[in-house]
Every structure is written in structure tokens, then in C-alpha cells.
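Please open the model in your viewer and keep the sequence panel beside it, since this tour moves from one selection to the next. At each stop, select the residues named and then read what is there.

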Amino acid sequence: MKNNLTNIMLLVFLSGLLLLTGCTPGQTAKTAESQTEDRSWMFHDIVDAEFVKAHMDIPMPANVMLIDSRPYKTKFIQGHIPGAVSIPFSEFDQKTNLLPQDKSALLIFYCEGETCKLSHNSARKAEALGYKNVKVYSKGYPEWVTLKGNYPSVSAEQVALMISENKALIVDSRPKQAKYDKGHVPTAVNIPDTQFDELKGKLPRDLKTPVVFYCGGLDCPLSHKSAKKAIEMGYTDVSVFSLGYPEWEKLYGGSAPAVAAKSGGVEGAIDLDRFVSILANNPESIVIVDVRDPDEFAKGSFKTAVNIPVGNLEKKINELPTDKPVVFVCTTGARSGEAFYMTKDLKNSLKEVYYVEAGITFKGDGQYEIKKPKKS
Amino acid sequence: MFKKITILFAAALFILVSNTILVASEGPGGNDRKGKYTYRKVYKACSEAGQVESATPKISPANKTMAEWKAIFEAKKFNEFGCEQHWAALSDEDVLDIYTYFYGHASDSPSPATCN
């Protein structure tokens, strides 16, 4: 009886202890299980973000290759570590020609974090091909983009999507006359990196607006320099289109003005849905010139509009900006249409010029109502 | 009887309005926005040449009806406008654009021209 009582007291004591330490028999078993979890799938040489950063440069050193093992369409396009080459694990055997010829080159594979096996499997395949200096950055892309000062690189397809949705400002970091004027990604504003401080006012007011910088491809550091400056300014959604304009030209052809501010069918008329979308998402990407009289303008206009009455436009035509699409507005399309044809006639060098062929009612405080014309 | 008259009147009104809209929407087929600019440009050049006092045209599309403008432009009688040399220098396409502007904003058109 005494022994039984002692046993019961011991059991109660142990149970209390377990409760105090927060352990349950199930949890203890689970912990033990995780300690003995099979990690044999992991590659033998794991590195961290510091190691990756220490071996990265723009352009990437010839004897270093950073390889993204994730699927191209669903992952790489949307964001990857700058300088990385896409060799999805599923296509590794078909894309070994992308690997460096030098078998002693440093290969760093990464994928979607610590539970992702793609980079580990790819690394093993590379080693089997004879590469002697193979590493895996196992925390991969999810960790990379959250580290302070880092930013993702995006692909041309993602840039095209951002343009079509008018949700991002695209910035060309190359010199104006030598590069930008000869061709650029549609809707891109030009802020040459060398003039960043002088021209940073072209960046959106809202620091949360996505901003994508690009320049002349993987060997060009300008977009990366500007991206870092933008992050220092407080922009929270900065990325770089690392393959830059050469890749854009390859995929979509040369400079094709007006992808964002596309024509609405009638000559010079901006697509109304696109115009409304630009107003809502990225009004700073265009210059709106209200060509009504000052008294009309004073009663209300678009928030970012400037007022140049059509009667004064000829005198001020050289003041129209050349680095953004210009969109003329009035209340019916009559005066803005006249402004459009005047600009085409007197300043034909200005390529991205439009007017709004619609009825616009301005309600003050930047509020407005746009009615599509019946005849078009 | 009264009901029949009402129906006939409504039908006639419908045909009249429909035809007016149809005629207005058909128009001469040029570019009225470009026509407005070209018309003003003619007067500016004419004024600079000292042939008219003001660079602002005195004749507005709303001064006449669509039928009146049709008669003028089809007959190519532009003497009322003055600036004959400048009118003569215009291409057929420019004249068509100006005609489209005048016709589309005539006094009996759906959107008569205002001072702007």
C-alpha cells in the first residue's frame, strides 16, 4: 500500500514536471524523430548568404556561376538572385552547355529554401560531371530577398507584365543620348545613374510603388547602383531587370513606344482603359497637359496635370518633356486633339504624344468622370 | 383616331432623329480633330502674311448648317473664308479634314462648335 502511494506520488510529480517544461510524450517523440530526420538528401557543401555575396559581382566573375534550380516560368521569371543563370533541375541534363567549361569554376546552386531539394540534386549532378568546386546555398531565394539591402532580379517577361498592368515604374539607368534615345523599354523613364541625384525626382512619390531598374545587360552595373540608391531612399519594392535592354530587344524587338500609353484606335487617341489604369496606378509615368483655359483648370483637373492652354501651346511646345509620354486632355477631345496635331506638326521629334478622345467631367479635388465617345 | 396620330407623329419623329444622327455620324469621312488644327493654322499663316487682321478665324462651324457646309465644300467655294492663296495651297486631304470639322460641328449637328 505504501509502495503504491509512493508510485502514485512519483507519477504525479513527473507529470507536473512534464507540464512545467511544456513537453508531452508526443512532443518528445517528435523532437527525437526530427533529430534523427534523414538529411542525407542534402548536398555535402552548404554555404550561406555571406558566402554568396562575397563571390558575386556585376558582371559576375568568369570563374563563378550562380545557378537557380527552380522552375523557370513559375519562379525564375518573377524574381531571382541578380546574376543567376536559370538551369531548372528538371532541365539540367539538357542545359549542361550553359555551365562553364572550366571544371574548377565555383558553382553555387540555390532554390526555394531549406526544404527544397532541387539545388542539392543539381549540385550532385554537376559534381558527377566533374565540377570540383560545387556549393549549395540551401536557404536560397526566400532568405536572399529578405536580407537588408538585397533586391531581386526579374526577367523580361515579368517586366512586360508589369508594363501591361501599369503597376511599376520602369527606369532606364543608361546615358540618355548614347543609349536611351536610341531605344528603350516602352514607358521607361530615363534616370542615368550618373545623374541619379539630379533626376531622382522622376521616381514615384509613393515609396511602395514597384520600381524596376535596367541598363545594358548582365555586364552593366548602372541599374544595380541605382537600385541600391533607391533602396537607401526608402523604396520598398525595388528590383533590377539584369538582362536589360539587349534581352528586351531580343524578345520584343526594338524600342516600341506606347506599350503603356497605347493608342485607342483613332489617330493619336490614347486607349481609354489604359489611361484610366495609368491614372489609378502610376500617374507619374506620363505627363498630362490640360489644354483648357486657366479658369477651367482652376476649377479642377487631374492631380498631376499641368496647364498649357492650347492657345499658348505653340510658344511653349519646346517645354514639353521628351522622357515620358505626353497626354493632352480637355473636356471633349476638341482642344486636346488640336494640341496633338499641333505637336505632331511643330515638334515631330516627340514620339509619344496622345490625347484623350472622350468626354471628361472634372469634379474638383482631382475627381473626374470619363465617358467614352459614341462615335469611336 | 388620336392614338393613330400619336403613333404616326412618334414614328415621324423617330425617323427624323435617326436620319439626323445617321447623317451626322456618316460625315464627309475626314479627320475633324486634324481639320480644326489645319483650319486654325491656315488663318495663322494668313494673318502672318498680313492678309487678315486676326490669327483667330472669324468663321465658326456653328455659323451654318450641315447642308450649307456641304454645299460650300462640295462646290469648293472658299472665297467667304478669305485667304484664298492659303486655301489653294491645301491638299485635298487637308480640305476634307476641314470639311469634316465644319460639318461635324455645324449648328444643326449633334455637337455644334463652341468658341473653343
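A disulfide, the term needed for the first stops, is a pair of cysteine sulfur atoms within 2.5 Å. This is a predicted model, in which local features need pLDDT of at least 70 and side-chain atom pairs count only at pLDDT 80 or more, whereas totals for chains, interfaces and linings use all residues. Residues are numbered from 1 along each chain as its sequence is written, chains are lettered from A and ligands numbered from 1 in the order in which they are written, and side-chain values use heavy atoms, with hydrogens and water left out.

**Stop 1: the disulfides**

A disulfide is a covalent bond between the sulfur atoms of two cysteines. How many disulfides does a search of the whole structure find? Over all chains, the search finds three.

Begin in chain B by selecting Cys46(B) and Cys83(B), which a disulfide joins with an S to S distance of 1.9 Å. The torsion about this S-S bond is about -100°, so the disulfide between Cys46(B) and Cys83(B) is left-handed. The pair links distant parts of the chain, 37 residues apart, with Cys46(B) in helix 2 of chain B and Cys83(B) in the loop between helix 3 (66–75) and helix 4 (84–88) of chain B. Helices here (H or I, at least four residues) and strands (E, at least two) are DSSP runs, numbered from the N terminus. Both Cys46(B) and Cys83(B) are buried, where buried means under 20% relative accessible area, exposed means over 50%, and partly exposed lies in between (1.4 Å probe, protein chains only).

Move next to chain A and select Cys111(A) with Cys116(A), whose sulfur atoms are 2.1 Å apart in a disulfide. Here the S-S torsion of Cys111(A) and Cys116(A) is about -130°, so this disulfide is left-handed. Cys111(A) is buried at 1% relative accessibility, and Cys116(A) is buried with a relative accessible area of 11%.

Then select Cys215(A) and Cys220(A), joined by a disulfide with an S to S distance of 2.2 Å; the torsion about the S-S bond of Cys215(A) and Cys220(A) is about -125°, so the disulfide is left-handed. Cys215(A) has a relative accessible area of 1% and is buried, while Cys220(A) counts as buried at 12%. With bonded cysteines counted along the chain, the disulfides of chain A follow the pattern 1-2, 3-4.

**Stop 2: helix 5 of chain A**

Select residues 118–128 of chain A, which make up helix 5, and colour its buried residues: Ser119(A), His120(A), Ser122(A), Ala123(A) and Ala126(A). They cover an arc of only 165° around the axis, which puts them on the same side of helix 5 of chain A; the arc is that of the directions from the helix axis to the C-beta atoms. Against what do the buried residues of helix 5 of chain A pack? They pack against strand 1 (46–47), strand 4 (106–110) and strand 5 (133–137) of chain A, with contact meaning heavy atoms within 4.5 Å. Just after helix 5 of chain A, look at Gly130(A), which takes a positive phi of about 110°.

**Stop 3: an open sheet in chain A**

Now display the open sheet of four strands in chain A, which has the order 11-10-12-13 with parallel pairing. Strand 11 (306–307) and strand 13 (353–355) of chain A stand at the edges, each with a single partner strand, so one side of each is left without a neighbour in the sheet. Two strands pair if DSSP finds at least two bridges between them, and strand 10 (residues 287–290) of chain A pairs with strand 11 of chain A in the parallel sense over two bridges. To see a bridge, select Asp290(A) and its partner in strand 11 of chain A, Asn307(A).

**Stop 4: the salt bridges**

A salt bridge is a side-chain nitrogen of Lys or Arg within 4 Å of a carboxyl oxygen of Asp or Glu, and a search of the whole structure finds 22 over all chains.

In chain B, select Lys44(B) and Glu48(B), whose side chains meet in a salt bridge (2.7 Å, N to O). Being four residues apart in helix 2 (residues 32–48) of chain B, Lys44(B) and Glu48(B) are separated by about one helical turn. Lys44(B) is partly exposed at 28% relative accessibility, whereas Glu48(B) is exposed at 60%.

Return to chain A for the last selection, a network in which salt bridges that share partners join Asp68(A), Arg70(A), Lys75(A) and Glu112(A). Within it, are Arg70(A) and Asp68(A) buried or exposed? Arg70(A) is buried at 1% relative accessibility and Asp68(A) is buried at 0%, and their side chains meet in a salt bridge (2.7 Å, N to O).
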